[in-house]
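I opened a new page for this structure. My plan is to look up the sheet, then the helices, then a single residue.

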Amino acid sequence: MIMTDKIPFVMEHANEAQALLGPKDEVFQAIEAELAVALTPRGEELIIQADTADTLELTKAVIKTLQQLVKKGLA
């Protein structure tokens with residue numbers, strides 16, 4: 001069964017969003033490939049689809065950590 005959840009995806013500046021997504025969305029593509037999930041940015045939300053609840057929670061944690069690093073200018 002596919003698990004789906006949404007998390008806030010709000011960045012203050014366009015360059016922060018670009019840093020999080022990566023050039024040509026490479027960062028998101030790497031997360032999708034490594035964790036076997038689907039990531040879909042929609043406005044101010046990020047939709048995450050995963051096969052298990054554990055993978056869903058792990059993906060949320062990775063994205064939230066990346067958001068914090070970008071906001072601090074560390075990524």
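**Entry 1: a bridge pair.** I began with a single pair of residues: Met-3 has Ala-50 of β3 as its bridge partner. I noted at once that the model is a predicted one. I then looked up the pairing as a whole, and β1 and β3 (residues 45-50) are joined by 6 bridges in the antiparallel sense.

**Entry 2: the other side of β3.** I turned to β2, which runs antiparallel to β3 and is joined to β3 by 5 bridges. Here I picked out Pro-41, whose bridge partner in β3 is Leu-46. The hairpin of β2 and β3 has 2 residues between the strands, and I found Gly-43 there with a positive phi near 60°.

**Entry 3: the whole sheet.** In what order do the strands lie? I wrote down β1-β3-β2, an open sheet of 3 strands with antiparallel pairing. The edge strands are β1 (3-8) and β2 (38-42), each of which pairs on one side only. I also looked up the turn between neighbouring strands, which is 20° on average, with direction ignored. As for what lies against the sheet, α2 packs on it and touches β2 and β3. The direction of α2 makes about 145° with that of β2.

**Entry 4: the faces of β3.** Which residues of β3 are on its covered face, and which on its uncovered one? I listed Leu-46, Ile-48 and Ala-50 as covered. Glu-45, Ile-47 and Gln-49 make up the uncovered face.

**Entry 5: α2 and α3.** I compared the directions of α2 (residues 26-35) and α3 (residues 53-71): their axes cross at roughly 155° and come within 11 Å. An angle over 145 degrees counts as roughly antiparallel, so α2 is roughly antiparallel to α3. The crossing of these two helices is right-handed. From α2, I noted Val-27, Phe-28, Ile-31 and Leu-35 in the contact. From α3, the contact takes in Thr-55, Leu-58, Thr-59, Val-62, Ile-63 and Leu-66. Sorted by class, the contact of α2 with α3 has 8 nonpolar residues, 2 polar and no charged ones.

**Entry 6: α1 and α2.** I moved on to α1 (residues 14-21), whose axis comes within 5 Å of that of α2 and crosses it at roughly 35°. On the α1 side I wrote down Ala-19, Leu-20 and Leu-21, and on the α2 side Glu-26, Val-27 and Phe-28. This contact has 5 nonpolar residues, no polar and 1 charged.

**Entry 7: α1 and α3.** How close do the axes of α1 and α3 come? I found them within 10 Å, crossing at roughly 135°. The two helices are therefore oblique to each other. α1 passes α3 in a right-handed crossing. Glu-16, Ala-19 and Leu-20 of α1 meet Leu-66, Gln-67, Val-70 and Lys-71 of α3. By class, I noted 4 nonpolar, 1 polar and 2 charged residues in the contact of α1 with α3.

**Entry 8: Gln-67.** I went back to one residue of that contact, Gln-67, which is found in α3. Is Gln-67 buried or exposed? I have Gln-67 down as buried, because its relative accessible area is 10% and the cut-off is under 20%. Leaving aside neighbours within four places in sequence, Gln-67 is in contact with Pro-8, Phe-9, Val-10, Met-11 and Leu-20.

Notes
Residues numbered from 1 in each chain as written. Predicted model: local features only at pLDDT ≥ 70, side-chain atom pairs only at ≥ 80, totals over all residues. Heavy atoms only, no water. Axes fitted to C-alpha atoms, helices over the stretch in contact; angles between N-to-C directions. Helix = DSSP H or I, 4+ residues; strand = E, 2+ residues; numbered from the N terminus. Parallel < 35°, antiparallel > 145°, perpendicular 65-115°, else oblique. Left-handed = near helix turned anticlockwise from the far one by under 90°. Contact = heavy atoms within 4.5 Å. Nonpolar A, V, L, I, M, F, W, Y, C, P; charged D, E, K, R; others polar. Buried < 20%, exposed > 50% of the residue type's maximum accessible area, 1.4 Å probe, protein only. Pairing = 2+ DSSP bridges.
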